[in-house]
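Colleague: Got a few minutes to walk me through this model? I have some quick questions.

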Amino acid sequence: MRWQTILLTVAALPLCLEGEVLPIRSYTTADGLASDHIDCVVPDSRGFIWFCTPEGLSRFDGYRMVTFGTADGLPHRSVDSFLATRSGAYFAGTDRGLSQFDSRAAGNKFIVHRQAGDGFDRPVYPLRESRSGRIWCGMRGGLFEVLGGGRFRRQPVPGLGRSTVTDILEDPGGQLWVATINGIFVFRKDGAVQRIAKEDGLPGNWVNALLWDSASRLWAGTRGGLALLRDGGAGGRSGVQRVYADRGSSAREVMAMTEGPDGAIWMGTQVGISRLLTGSGDAVFQNLTRDQGLTDRQIVALAVDQAGNVWAGTEGAGVMRIASAGFVTFREQDGLSTDRVYSVFADLAGSVVAVTETKGPLPGRSVAVFDGARFRAVVPKVFGDHPDWGQHQMLLQSGAGDWWAATKAGLCRFAPSSVAGLAGRQPTCYVQNAEVFRVFEDSKGGIWASAQTAQGDRLLRWDPERNAISSFEDGPNRHQLASAFAEDRGGNVWMGFWGRDGGELLRYDGRQFTRLKFPDGAPATIFALLVDHGGRLWIASDGAGLAVLENPGQAPFHPRTYDTNSGLASSLVTALVEDRAGRIYAGTGKGVDRLDPATGRIKHFTAADGLPHGEIRSAARDGADNLWFATTQGLSRLTPTADRPPTIPSVLITDLETGGRRYPVSQAGAALLRPPKLDPSRNQLQVTFVGFNDEPGESLRYRYKLEGTDKAWHDTSEHTVNYAALEPGGYSFLVKALNSDDQASAVPAEIDFVVLPPLWGRWWFEALALAALASLVWATHRYRVAQAVNLERMRIRIATDLHDDIGAGLSQIAILSEVLIRRSGGDQGLSGPLSGMAGSARELLASMSDIVWAINPRHDHLRDLQQRMRRFSSDLFGARNIDFVFRAPAVDRELKLGADMRREIYLVFKEAVNNIARHADCTQAEIDFSDERDWLSLRVSDNGKGLPDGESGAGHGLLNMQARAKALGGAVSINSATGQGTTIVLRVPLGRPHAFPWRKPSP
């Protein structure tokens, strides 16, 4: 070894974290991971975490895993490396070459890179992007640069041979460092290549990982240990600057490296994780093993996400997320007798004291004190072997240094000592016939206790001035067992109660008790009371959640409550503690909730933050302002930190289904999707989305809206939204992520889509249907016109034939009959029949004339009917010397009447006029013919003798008139009186009678 290369092995000081459990959340195949063996962990700039496994590439978005395999285009299921470039391209190195997809492109398929002649279908191990954007990949026996268009360029490495490239790094000076199983190759900017190997001071030739940290230091992790390298940037040779050996660990191989948020170097080894703290003074290793909660011994991959969480990939237990800030849990391996902790508090020195259950078949209590590294436990007499069933305020150290304990043997007092001094010391016990449940010290040094006796529940106080116990008869009744105590700034002692009678508080001001009743929905049990730095009284209860009295020193008392509707995780609150910043921590049935009274903001802590599963029974703050929570699964410590404002979240669409069919979405999510137009059968929409910022995923909420159907935004904590049976039309789905400060994403993720109408609802179908309908209407019209023309021609032909043939024949008969009568010479036997024949012929001729007139379409107008009626009445009344008046509408109206209507009206008119001429014996007649809106009205009246009584409308002719009027949808009315004439009124609608069955003639 050359002495020019300094090899300095530092005797690093091992720091064991004992058995305290870190805030770790484990993910395995049960959570959707492709395999429990992890080869790489890669956080990207969008917020996804990618995991390389032998069974595919898994992507984690904060709440679910999605795996990609050969069905998605990967050339092989085994993924060894992954790279997310700054430009948005993603590369996956597999056992059969390299594949790629682009987050900016549509679709979700990987593109496999092939290049003939280069053997690029071999396993790809490291993938790195240089500062200039060049993509490098390494494999066995080769270093390649990935060029555009799926092309590659081999980078010659002198002396590489068939060695495998394990890692690649470019330093700020532009030098390329290539780690192999045969040392490190440095490509200098001048083109020279330098090899650093074991003979140059490297702990081993097999190099697994390279790391450039935030302090501009270059690290190499080898099978022989960790080395700090010299980059030779000032013109000198690169080499080994220092070697670190961890004497506290049996494993020397460094398999993976990353820099933690605190600047420590995290190393994955065969026996866990080692953290190298390289601040001032000696280097210190912290070893994390299964005792600290690691799920596997061998850590093969490490990475840090945007929130500062460290992700550790294991050989066979999946991946772990170690929270950057969270709960650290202490258990039996840290000195506690058992993990079942009943109470925690700080002694006079500010040290943490925990009361736990003892081991063994018989119930007992032990007391443990924290020395800064682990707990030291003792079992005090009486308190240890005669424990009561209480929790929280069951042991305290008074201001005078005495220890007071709640036991089944009464209220026991130990002389001043340390926790260790309690071992073997005999206490003095008061009221030995009582089982003491809770103990509390007031500001005057008095010791309060709640107890159960054979006579009922009692409230006791030890008076330091009299050195005696007194009880209260005017306080709680015999069925009220005090379960929590606190003292406000005014010296008033408050107490809450247990069980079904616990729905009230008592305040003792030194003279009397005042009761505070809760409103409806009162809690069953009050578990804890806390007076904060502002003098407010906080109340933890079962059922009513968390309540607060702003000014407990003055009545009236109006508690303000916080429950699940206010944002608490649970309405069961069992423990309370305040941090130095004035924030209230409430132990609930679902973890710990932190409430900021100034803003009302609530933050939830769960197992994801390192909190153990189990019931929280007590909470306290120590002299160093750490918060401690006693649970049935250990004792957890939280070091509060000032809240930094959460970052504005981003949001991406990760999955889209329409009508049960999946639309391809980029593996890296999409901010904007425009799927093709959807068929009517695919009008169901299911969208999956996820938001990212520097908070835990469960802190984010979402606000979404479907423009086109939703009028307002909707809030949800879910990641999937469904819309069913969407109407045809255009839509835009918008979703934003909201952080814990209700700040929304600057740009929402968006899906623009169109649901097509059914075939019969599309414009071209409607146009065709309209055209077809128009054609049908036109054809129908043409047909009806043709039929009307044919009918008119037929009517003209029939009228002409009747007039020319039958009319001529009848006229000839009448004329010949008259001739024969004149030739008969007055022969009555012959002239009589001939006269009858001539009369019948003339009558038939007149009837035929009416028929011809009715049939002839040339007379289908109202004026033709008027003229015919006027001529007939003039001829008939004139022959009878009857004066008449005929009134009719103006003849200039082109009102067309059908043949049936003209004929029926005319026949009714003829019947009425004939009756007047033949039977009325009148001298005057009036005819009024008019149209009134949609009705024709005919009125015929005379001044004759009228109809005989009881015969109005009974004649055959009158019945015929009524029948004809009914056929037209009208009616005939007859008004007659003896000697006063007769009036006949006909009213018919202008239209076909069957088209208006509901129409009735108006009077």
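Modeller: Sure. Five bridges join strand 32 (residues 352-357) to strand 33 (residues 365-370), and the two run antiparallel. One thing up front: this is a predicted model, so local features need pLDDT of at least 70 and side-chain atom pairs count only at pLDDT 80 or more, while totals for chains, interfaces and linings use all residues. Residues are numbered from 1 along each chain as its sequence is written, and side-chain values use heavy atoms, with hydrogens and water left out.

Colleague: What counts as a strand, and what counts as pairing?

Modeller: Strands are DSSP runs of E, at least two residues, and helices are runs of H or I, at least four residues; both are numbered from the N terminus. Two strands pair if DSSP finds at least two bridges between them.

Colleague: Which residue is the bridge partner of Glu-357?

Modeller: Arg-365, in strand 33.

Colleague: What sheet do strands 32 and 33 sit in?

Modeller: An open sheet of four strands, in the order 31-32-33-34, with antiparallel pairing. Strand 31 (341-346) and strand 34 (375-378) are the edges, and each pairs on one side only. The twist averages 25° from one strand to the next. That angle is taken between N-to-C directions, from 0 to 180 degrees, with axes as lines fitted to C-alpha atoms.

Colleague: New sheet. How are strands 51, 52, 53 and 54 arranged?

Modeller: They form an open sheet in the order 51-52-53-54, and the pairing is antiparallel. Strand 51 (573-578) and strand 54 are the edge strands. Here the twist averages 20° from one strand to the next.

Colleague: How many bridges join strand 52 to strand 53?

Modeller: Five, between strand 52 (residues 584-588) and strand 53. Tyr-585 has Arg-594 in strand 53 as its bridge partner. The two strands are joined by a hairpin through two residues.

Colleague: And what about strand 53 with strand 54?

Modeller: Four bridges join strand 53 (residues 591-595) to strand 54. Val-592 stands opposite Phe-605. Their hairpin has six residues between the strands, and Gly-600 there takes a positive phi near 80°.

Colleague: Is strand 53 buried or exposed?

Modeller: Buried: five of its five residues are, so strand 53 is largely enclosed by the rest of the structure. Buried means under 20% relative accessible area, exposed over 50%, and partly exposed in between (1.4 Å probe, protein chains only).

Colleague: Strand 54 again. Which pocket does it help line?

Modeller: The second largest pocket; strand 54 (602-605) supplies at least two residues of the lining, and so does each of strand 26 (284-288), strand 29 (319-322) and strand 57 (634-638). The pocket volume is about 1,300 Å³. Among the 42 lining residues, the closest to the centre are Ala-323, Ser-324, Ala-325, Gly-326 and Thr-641.

Colleague: How do you define a pocket, and its volume?

Modeller: On a 1 Å grid over the protein atoms alone, a pocket is an open set of points with protein on both sides within 12 Å along at least five of seven lines; lining residues have an atom within 4 Å of a point. Grid points are joined across faces, edges and corners, and the volume is the space filled by probe spheres (1.4 Å) set on the points.

Colleague: What's the lining made of, by class?

Modeller: There are 21 nonpolar, eight polar and 13 charged residues. Ala, Val, Leu, Ile, Met, Phe, Trp, Tyr, Cys and Pro count as nonpolar, Asp, Glu, Lys and Arg as charged, and the others, Gly among them, as polar.

Colleague: Switching to loops. Where is Asp-442?

Modeller: In the loop between strand 39 (435-441) and strand 40 (447-453). Asp-442 counts as buried, at 9% relative accessibility. A polar atom of the Asp-442 side chain lies 2.7 Å from the backbone nitrogen of Gly-446.

Colleague: Which residues other than glycine have a positive phi?

Modeller: Val-431 is one of them, with phi near 40°. Val-431 lies in the loop between strand 38 (428-430) and strand 39, and is partly exposed at 22%. Another is Asn-881, with phi near 60°. Asn-881 sits in the loop between helix 3 (862-879) and strand 67 (883-887), and is exposed at 68%.

Colleague: Why flag those?

Modeller: Most residues other than glycine have a negative phi.

Technical notes
Polar contact = N/O pair within 3.5 Å; in protein donor to acceptor, adjacent residues only side chain to side chain.
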